[in-house]
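Visitor: I am new to reading protein structures, and I would like to go through this one slowly. Could we look at it together and take one question at a time?

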Amino acid sequence: MASLVTGGAGYIGSHTAVALHETGRDVVVIDNFSNSGPKAVDALRVLTTPDLAFVEADLLDSDAVRRVFRDHDIDEVIHFAACKAVGESVAKPLDYYRNNLGSTIGLVEAMAEYEVSRLVFSSSCTVYGQPDEIPVTEAAPTGAESPYGWTKYMSEQILTDAAAALPLDAVLLRYFNPVGAHPSGTIGEDPNGIPNNLVPFVMQVAIGRMEKVRVFGTDYDTPDGSGVRDYIHVMDLAEAHVAALDALASGLSGAVPINIGTGVGSSVLEVIKAASDAVGAEIPFEVVDRRPGDIAKTWAATDYAAEVLGWRATRDLNEMLRDHWRWQSQNPNGFE
Ligand code: UD1
């Protein structure tokens, strides 16, 4: 019996592969290296086992996907593999719809053919946009603001419809903002080029590759005026995936959306302060205009995750930034 992790060479996928291995599961990773590389798999093998099964293939290649199910005794799947850059999705919408929806449909078809019914899907709090009520619960209205966001929204719908028609049960994990790294500092987030997300950018400033952080607006309706998000440690997030698989194995059924956050909102200025503490040096920043499309604030209601998965985040913002900094300082050029 093995757990299949699509996109398992990526940031969240690799941390989840480690967490799965630690429960004694056999793990099979499939990844096309579109946003990762072989060195991430090498590092993952050091943290798990040198025999970790890895298949380099694209999920749009249905023959390759079927081969994975034929060659391995897969009994559960976590589906991370997807394109995830909001700006790029606006420029290349068709690529995003083809990749993110085609891969999900093809994977579920292969699961049905091989009678695998348990799936955990990477969704995003982006489906809530700017919620009217915070903390945002799973019952809040959903939609999207970008092709990327629509692929998450549509994938949730596809899986909901498939779960109603097929022997398929799915947990749709709506992640808030994942940051941090494995405490060993040997795997972590390795963005291509100039990072869009706050913490990877802050870390590039900390290692001296960028001059200063640009704070996108301090005129929001928040305590210090900067944007507020629910940052969650990637190790907590990885453990949430294990809890979701366990819940499915214990009989959780249907297609169940669940927020994965800490329930605590932190502002951009608070993140920069916590990062300065972790790094042991002031991180320079300047305030610039708002970034188009950004929301003011959001954080998760976490009770449903606790009730259904028996899971709550345990790591705070300082631990997230200490661990992210350990990874970045030990690997200034990421995996290269
Ligand atoms: C972004 C995506 C979201 C995705 C998430 C993944 C957009 C509009 N949204 O969310 O769909 O699921 O990443 O983690 O891109 N900030 C700065 N300076 C920077 C970068 C960010 O001030 O250089 C601020 C932002 O305005 C925001 C906060 O930091 O208030 C977090 O930004 P970011 O890390 O990009 O995440 P989100 O915008 O929440």
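**Charges, overall form and details**

Visitor: How many Å apart are the mean positions of the positive and negative charges of the protein?

Guide: Lys and Arg count as positive and Asp and Glu as negative, while His and the chain ends are not counted. The place of a charge is taken as NZ of Lys, CZ of Arg, CG of Asp or CD of Glu. With 24 positive and 47 negative charges in the protein, the distance between the two mean positions is 4 Å.

Visitor: What kind of model is this?

Guide: Residues are numbered from 1 along each chain as its sequence is written, and side-chain values use heavy atoms, with hydrogens and water left out. Local features need pLDDT of at least 70 and side-chain atom pairs count only at pLDDT 80 or more, whereas totals for chains, interfaces and linings use all residues, and the model is predicted.

Visitor: What is the radius of gyration of the protein?

Guide: The protein has eleven helices and 13 strands, where helices (H or I, at least four residues) and strands (E, at least two) are DSSP runs numbered from the N terminus. The globule rule (2.2 Å times the number of residues to the power 0.38, for a radius taken over C-alpha atoms) gives 20 Å for 336 residues. The protein comes close to that value, so it is as compact as a globular protein of that length, with a radius of gyration of 19 Å.

Visitor: What percentage of the residues in the protein are buried?

Guide: Buried means under 20% relative accessible area, exposed over 50%, and partly exposed in between, with a 1.4 Å probe and protein chains only. Of the 336 residues in the protein, the buried share is 52%.

Visitor: Which strands and helices do the buried residues of α7 pack against?

Guide: Helix α7 covers residues 198–206, and eight of its nine residues are buried, so this helix is largely enclosed by the rest of the structure. Among the buried residues of α7 are Leu198, Phe201 and Met203. Together, the buried residues of α7 pack, by contact (heavy atoms within 4.5 Å), against β7 (177–179), β8 (213–216), β10 (231–233), α9 (268–279) and α11 (317–330).

Visitor: Which residue follows α7 with a positive phi?

Guide: The backbone angle phi just after α7 is near 90°, and the residue that has this value is Gly208.

Visitor: Is Phe33 buried or exposed?

Guide: Phe33 is found in the loop between β2 (26–31) and α2 (38–47). Its phi is positive, about 60°, although Phe33 is not a glycine. The relative accessible area of Phe33 is 17%, so this residue is buried.

Visitor: And is Glu115 buried or exposed?

Guide: Glu115 lies in the loop between α5 (93–113) and β5, and has a positive phi near 55° without being a glycine. The relative accessibility of Glu115 is 74%, so this residue counts as exposed.

Visitor: Where is Pro135, and which residue comes before its cis peptide bond?

Guide: Pro135 lies in the loop between β5 (118–124) and α6 (147–165). The peptide bond leading to Pro135 is cis, with omega near 0°, and the residue before that bond is Ile134.

Visitor: How many disulfides does the structure hold?

Guide: A disulfide is counted here as a pair of cysteine sulfur atoms within 2.5 Å. Cys83 is in no disulfide, as the nearest cysteine sulfur, that of Cys125, is 19 Å away. Cys125 itself is buried, with a relative accessible area of 12%. The number of disulfides in the structure is zero.

Visitor: How far apart in space are Leu269 and Ser226, C-alpha to C-alpha?

Guide: Leu269 sits in helix α9 and is partly exposed, at 24% relative accessible area. Leaving aside neighbours within four places in sequence, Leu269 is in contact with residues including Val215, Ser226 and Phe285. Although 43 residues separate Leu269 and Ser226 in sequence, their distance in space, C-alpha to C-alpha, is 6.6 Å.

Visitor: What separates the C-alpha atoms of Pro257 and Gln204?

Guide: Pro257 has its place in strand β11 (residues 255–260) and counts as partly exposed at 22% relative accessibility. Not counting residues up to four places away in sequence, Pro257 touches Glu138, Leu172, Arg174 and Tyr304. Pro257 and Gln204 are 53 residues apart along the chain, and the separation of their C-alpha atoms is 34 Å.
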